[in-house]
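Visitor: I would like to talk through the pockets of a protein model. Could the structure be shown, please?
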Amino acid sequence: MIKRIVSLIVTLLLAFSLTSCGGEEYLDQVIYGMDTYITVRLSSEASDGSKISEERFSELCDECAYIIAKNERLMSSHDEDAQIYGINSGGVSMILSPNKELLSVLRAAEDMEEKTDGAFSYTLGALTELWNVSGGGPVPSDEAIAEALLHTNSSSVEFSEEKIAKSDADCKIDLGGIAKGHTAQELVEYLASEGVSYGLVSVSSSIGVFGSKDDASPFKVGLTDPSDTSGVAGYLSIHSGFISVSGSYERYFEENGQRYHHIIDPATGCPADSDIVSVAVWANNGSVADALSTSLFVMGVDGTSELYRSGEIDFEAVIITEGGEIILTDGIAEEDFELANDKYTVRKSN
Ligand code: AMP
Ligand code: MG
């Protein structure tokens with residue numbers, strides 16, 4: 001209980017509001033946690049047809065804030081109380097009887113690393129620390145990048161129900177590419193189990209929807225225009241699942257007129273030099289959508305198309321390219337994507 005109270009203090013519940021949108025009435029709450037703003041938007045009607053009271057909504061949001069704080073404590077690389085922080089900072093360290101949820105995220109990260117041939121790497125913490133993109137750089141030396149690359153290697157990390165152990169003191173785990181999607185999934189599962197008829201959560205750029213509207217209409221998710229982030233490039237309509245977006249416009253710093261963004265190519269140790277500027281992945285699992293959007297950005301247009309055709313991972317994607325094209329994978333029906341900006345042209349994937 002004490003732990004829960006502390007968590008709620010760290011995670012702030014911000015504005016609450018009641019919104020009407022296209023004839024539907026929503027309860028909205030913004031929560032600050034995991035270094036970002038998280039939105040919970042629920043239909044004001046419960047599945048049994050009754051109205052959700054303000055008090056009930058506030059209880060649901062308190063529990064969401066608890067889930068968010070718990071996940072931050074498990075997966076943050078900079079919260080000193082987080083399990084990952086402990087492993088990263090403790091030299092050749094070990095955690096005995098690790099948290100089961102943390103293990104499941106590590107397994108999902110390992111699986112993604114395998115399926116993307118290393119485009120996703122959950123041990124690139126030395127590189128993300130070195131580039132310090134959120135702190136504004138500066139661009140590291142080639143020697144420092146080469147050194148950090150030596151410590152980017154998942155074979156240095158071993159995990160099981162018994163322990164998480166590291167054989168290289170300088171190898172650092174970074175779950176920044178998957179933690180938000182995992183959290184979106186957990187929030188959706190919790191809210192759907194509490195008798196809410198439908199709604200959505202948005203954990204920064206990982207969005208999850210659940211339930212179905214009375215008129216069976218889809219949820220329309222706006223995809224940010226990378227060249228003008230106050231605008232929307234297009235809308236993707238979905239009935240269920242998770243959408244995660246990764247883009248070079250999300251976090252970056254500039255030096256000598258060049259942009260250095262936060263998605264690192266584990267093969268070079270540098271911000272991925274990709275022909276993609278933004279990719280939205282739609283999958284039926286939050287962790288997969290999140291980790292895959294980061295991976296596809298690194299893999300580029302051709303790599304994405306190859307992975308899609310292999311059928312190894314079940315997903316759909318909307319890619320915005322450097323050249324101003326919007327590319328849709330085969331499973332996205334024409335009527336499910338609406339272009340909102342005529343500076344882009346839309347085509348199907350090759
Ligand atoms: P996202 O915004 O979901 O694409 O995730 C980006 C975050 O994931 C970065 O801030 C890093 O913490 C981490 N990251 C960067 N590059 C990679 C990569 N290639 N594989 C896995 N995680 C990454
Ligand atoms: Mg991601």
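Visitor: What volume does the second largest pocket have?
Guide: In this predicted model, the second largest pocket has a volume of about 400 Å³. It is lined by 20 residues, and those closest to its centre are Ser-248, Arg-259, His-261, Val-277 and Glu-322.

Visitor: Which strands supply at least two residues each to that lining?
Guide: Strand E13 (258-261), strand E16 (276-283) and strand E17 (316-321) each do so. The largest share, four residues, comes from E13.

Visitor: And how does the lining divide by class?
Guide: The lining of the second largest pocket has 10 nonpolar, seven polar and three charged residues.

Visitor: Now the largest pocket, please. How much space lies in it?
Guide: About 1,300 Å³ of space lies in the largest pocket.

Visitor: How many residues line it, and which lie nearest its centre?
Guide: The lining of the largest pocket consists of 44 residues. Nearest the centre are Asp-174, Gly-176, Gly-177, Lys-180 and Arg-251.

Visitor: Which helices and strands each supply at least two residues there?
Guide: The helices are H2 (54-75), H3 (83-89), H5 (125-131), H7 (179-193) and H8 (286-310), and strand E11 (241-247) also supplies at least two.

Visitor: Which of them gives the most?
Guide: H5 gives the most to the lining of the largest pocket, namely four residues.

Visitor: What about the classes of residue in this lining?
Guide: The lining of the largest pocket contains 21 polar, 14 nonpolar and nine charged residues.

Terms used
Residues numbered from 1 in each chain as written. Chains lettered and ligands numbered in written order. Predicted model: local features only at pLDDT ≥ 70, side-chain atom pairs only at ≥ 80, totals over all residues. Heavy atoms only, no water. 1 Å grid on protein atoms, 1.4 Å probe; cavity = no way out; pocket = protein on both sides within 12 Å on 5 of 7 lines; lining within 4 Å. Points joined across faces, edges and corners; volume = space filled by probe spheres on them. Nonpolar A, V, L, I, M, F, W, Y, C, P; charged D, E, K, R; others polar.
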